[in-house]
Amino acid sequence: MPAKPTACLALADGTLFYGRGFGATGMRVAELCFNTAMTGYQEIMTDPSYAGQIVTFTFPHIGNTGVTPEDDETGDPVAEGMIVKWDPTEPSNWRATGDLVSWLEKTGRIGMGGVDTRRLTRAIRQQGAPHVALAHDPEGNFDIEALVQAARGFPGLVGLDLAKGVTCAQSYRWDEKRWAWPDGYTRREGPAPKVVAIDYGAKRNILRCLASVGCDVTVMPATTTAEEVLAQNPDGVFLSNGPGDPAATGTYAVPMIQGVLKADLPIFGICLGHQMLALALGAKTVKMNHGHHGANHPVKDLESGKVEITSMNHGFTVDSQTLPKGVIETHVSLFDGSNCGIRMADRPVYSVQYHPEASPGPQDSFYLFERFAEAIRARGAA
Ligand SMILES: NC(=O)CC[C@H](N)C(=O)O
């Protein structure tokens, strides 16, 4: 710790953490979470589901592999800032085109190093994801009272629809497949079943996974109506991940999903998409204490008995007690028993709370994309 810290994190309860600032300067207010992934900091920072949040990385070495535009899950970082144990070092990776610190500076995100992230993680677990203000000033001048007040002024994520801020402005086609050595990204070609993917803040790797299992993907904005979706004549509909409170985004997404359900098409949802499918089927969602954010979360598939190690990023959850008749709980978290998947008993409509696209994380759950493509083909699509 230098004589004069250049970054300060103020929690709404008045707890203060000091460290070394890097990246952009200024102040950000947000909800604070922690992520336990050992790799993939760039994918995490650019995951649109992190809108309104600052991420504490429990893995101490962050920044070692630099950054590359190939690993962006969307255009620029979406998380408001990052808190790490050690200051980022010079990157060492053949894929790197830049370093983490310059990238944060260029894209207006604050970083803070030199923090006892174990103590901070414990505080997050004990308090529930706190509201915080993170300030970076190279001169080290902080108005502590103003920072604590700013943290207290953050409205929180409950009731917040953030999907409209991160969705695409217009529909577009997607044909890029998953990254594979030695060719990197390649493109899907030829006739294929048509999938409409509703973008509530979709991670690019989800779209790549859909293309990799042979879907012709059209991405549509969050506020698209059921009529507009069905006018595309899709063979299947995908509901993406995204930030904020599913109940708030659900005010317009749920009527769309219910309209599409009437058309009896295969539907697949991930994370926010899972939560909103559950809402559309009549269940309820609730805010969790500190959520699940990491790449090491064990999930049990209740139908096969198999355990998958999954990637997670969510602060809300589906209350499985509220699932209506005809909707089956298919997956549960082995950390806390919370709901991790549902399906309709009588047709290929299903969703998971976790991230089968990984990015970052293990790829145990890729079979869910294959299952979606099979369900579509089983109904006679190209
Ligand atoms: N990754 C996501 O889609 C997150 C969903 C929702 N915003 C949550 O925090 O629970």
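Q: Two strands pair if DSSP finds at least two bridges between them; in which sense do strand β11 and strand β12 pair?

A: The model is predicted: local features need pLDDT of at least 70, side-chain atom pairs count only at pLDDT 80 or more, and totals for chains, interfaces and linings use all residues. Residues are numbered from 1 along each chain as its sequence is written. Helices (H or I, at least four residues) and strands (E, at least two) are DSSP runs, numbered from the N terminus. Phenylalanine 238 has phenylalanine 268 in β12 as its bridge partner, and over three bridges β11 (residues 236–239) and β12 (residues 267–270) pair in the sense called parallel.

Q: Which are the edge strands of the open sheet of ten strands?

A: The order of this sheet is β8-β10-β9-β11-β12-β17-β16-β15-β13-β14, with mixed pairing. Its neighbouring strands are turned by 25° against each other on average, direction ignored. An edge strand pairs on one side only, which holds for β8 (172–174) and β14 (307–319).

Q: At about what angle does helix α6 run to β10?

A: Angles run from 0 to 180 degrees between N-to-C directions, with axes as lines fitted to C-alpha atoms, for helices over the stretch in contact. Contact between two residues requires C-beta atoms, placed from the backbone, within 7 Å. Helix α6 (residues 204–212) lies across β8, β9 (194–199), β10 (216–221), β11 and β12, and its angle to β10 is about 150°.

Q: How many residues of strand β7 are buried?

A: A residue is buried if 20 or more other C-beta atoms lie within 10 Å of its own, exposed if 12 or fewer, and partly exposed in between, with C-beta atoms placed from the backbone. His131, Ala133 and Ala135 point one way from β7, while Val132, Leu134 and His136 point the other way, and all are buried. Strand β7 (residues 131–136) is therefore largely enclosed by the rest of the structure, its buried residues being six of the six.

Q: What is the bridge partner of valine 29 in β7?

A: β7 pairs in the antiparallel sense with strand β1 (residues 7–11) over five bridges, where alanine 7 stands opposite histidine 136. With strand β3 (residues 26–35), β7 also pairs in the antiparallel sense, over six bridges. There, valine 29 has as its bridge partner alanine 133.

Q: Which element gives the most to the side of domain 1 that touches domain 2?

A: The domain assignment, automatic or from a database, gives domain 1 (7–153) and domain 2 (163–378), with C-alpha centres 27 Å apart. Their contact takes 23 residues from domain 1 and 25 residues from domain 2. On the domain 1 side, β3, α1 (41–45) and α3 (117–127) each supply at least two residues. With three residues, the element that gives the most is β3.

Q: Which residues does UniProt list for "active site", and why do they gather at one spot?

A: UniProt positions are given in the numbering used here, feature names are shortened, and annotations may be inferred rather than shown by experiment. The residues listed span 87 residues in sequence, yet no two of their C-alpha atoms are more than 11.2 Å apart, so they gather at one spot. The unreviewed entry lists Cys271, His355 and Glu357.

Q: Where is the place of histidine 355?

A: Histidine 355 counts as buried, with 25 C-beta neighbours inside 10 Å. Leaving aside neighbours within four places in sequence, its contacts include Cys271, Thr310 and Gly361. Its place is in the loop between β17 (349–352) and α10 (367–378).

Technical notes:
Pairing = 2+ DSSP bridges.
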